[in-house]
Amino acid sequence: DVKENPNDVDQDFEAEEQVEAPLNVNLMKNVDFTNIRVISVEDDTGSRMVSSVCSDLKAAQMRLCHHLEKVGAHLQQMSFYRFKYAVPMWITGMTDMGGPLFASLMGHDKGAINPYWELFKWIFCQSHHTLPAIGLALGEKLEEMHSSGHSEKLRSRTKKLRTELLDLLGNNSVLLYPSHPLVAPRHNEPLFTPMNYAYTALFNALGFPVTQCPLGLTKEGLPLGVQVVAAPTCDHLTLAIAQEIERKFGGWIPPGENKH
């Protein structure tokens, strides 16, 4: 068998990223961890639409925080109450993008689907669409029904949160945030917690760069992970943290191997 040289992989990564990076982003800039502030946020402060973050994910994120402190980073624990509004902020942001609605894309050349009708058909196993897709189309419908004042409130909330994080992160800070509130669920379980995508949707709505990093496995062999977030054009910070995480935690580990 031919074994990969890890250094060769790193060189391939660097070359590829340099080619694909925007002109105003230097992805491979050297990062001194003693100049980096790490802001750890363990949850969304309690959205009623989203599951609570499980203890395994919180513990893994805390282990990472302790390690980053040891290599010189400055740790700060924080919470943001606006994080709990991630789902409505994301839906409003998607609607404001100006492109075709998701319901139109689902209908292909036949026009937008009727999500209410598709939901009725899905109950009887007659719809060609998945429940999450129908749910997103329903979300668009609900957004259309909201008053302009409600939508404007959500836009204002998104803008305030974006400004707050821009001021906080600057060009020398990263934010740690769970990728999902739960470890890998069983098949079809997400149908009962359809809003748990909020943890990643938040930074799509804000337009911040994110690197998703594996943090080993639970005792049951399920993957753990964390999002590393930085301000726009500071992708090099998330990648530097990601490389340190890989060095410490071993990168991706096949699920089921019962390793930390």
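Let me start with a definition: buried means under 20% relative accessible area, exposed means over 50%, and partly exposed is anything in between, using a 1.4 Å probe and protein chains only. Take Glu 152 as a trial case: its relative accessible area is 46%, so Glu 152 is partly exposed.

Before we go on, please keep in mind that this is a predicted model, where local features need pLDDT of at least 70, side-chain atom pairs count only at pLDDT 80 or more, and totals for chains, interfaces and linings use all residues. Residues are numbered from 1 along each chain as its sequence is written, and side-chain values use heavy atoms, with hydrogens and water left out.

Now, the salt bridges. By that I mean a side-chain nitrogen of Lys or Arg within 4 Å of a carboxyl oxygen of Asp or Glu. How many salt bridges does the structure hold? There are 6.

Let's stay with Glu 152 for a moment. Its side chain meets that of Arg 155 in a salt bridge, at 3.4 Å from N to O. The two are 3 residues apart in helix α7, so about one helical turn separates them. Helices here are DSSP runs of H or I with at least four residues, strands are runs of E with at least two, and both are numbered from the N terminus. Arg 155 is partly exposed too, at 32%.

Next, please find Glu 42. Its partner is Lys 58, and their closest N and O atoms are 3.7 Å apart. Glu 42 sits in the loop between β1 (37–40) and α2 (55–70), while Lys 58 belongs to helix α2, so this pair ties together parts that are 16 residues apart in sequence. Both ends are partly exposed: Glu 42 has 38% relative accessibility, and Lys 58 has 29%. Asp 43 joins in as well, since Glu 42, Asp 43 and Lys 58 are linked in a network of salt bridges.

While we are in that loop between β1 and α2, look at Thr 45, which is also found there. Its phi is near 75°, a positive value in a residue other than glycine.

One more pair: Arg 82 and Glu 164 form a salt bridge at 3.3 Å, N to O. Why does this pair tie together parts that are 82 residues apart in sequence? Because Arg 82 lies in the loop between β2 (74–77) and α3 (86–96), whereas Glu 164 lies in helix α7 (residues 148–169). Arg 82 counts as buried, at 15%, and Glu 164 as partly exposed, at 33%.

Let's turn to the inside. A nonpolar core is a set of buried Ala, Val, Leu, Ile, Met, Phe, Trp, Tyr and Cys residues joined through side-chain atoms within 4.5 Å. The largest one has 51 residues, and those with the most contacts inside it include Phe 83, Leu 165 and Leu 175. Which helix gives the most to this core? That is α8 (residues 198–206), with 6 residues.

Try clicking on Leu 175. Not counting residues up to four places away in sequence, Leu 175 touches, among others, Ile 39, Phe 80, Phe 83, Leu 165 and Phe 203, where contact means heavy atoms within 4.5 Å.

Last stop: Cys 125, in the loop between α5 (115–123) and α6 (131–145). Cys 125 has a positive phi of about 60° although it is not a glycine. Is Cys 125 buried or exposed? It is exposed, with a relative accessible area of 69%. Thanks for listening!
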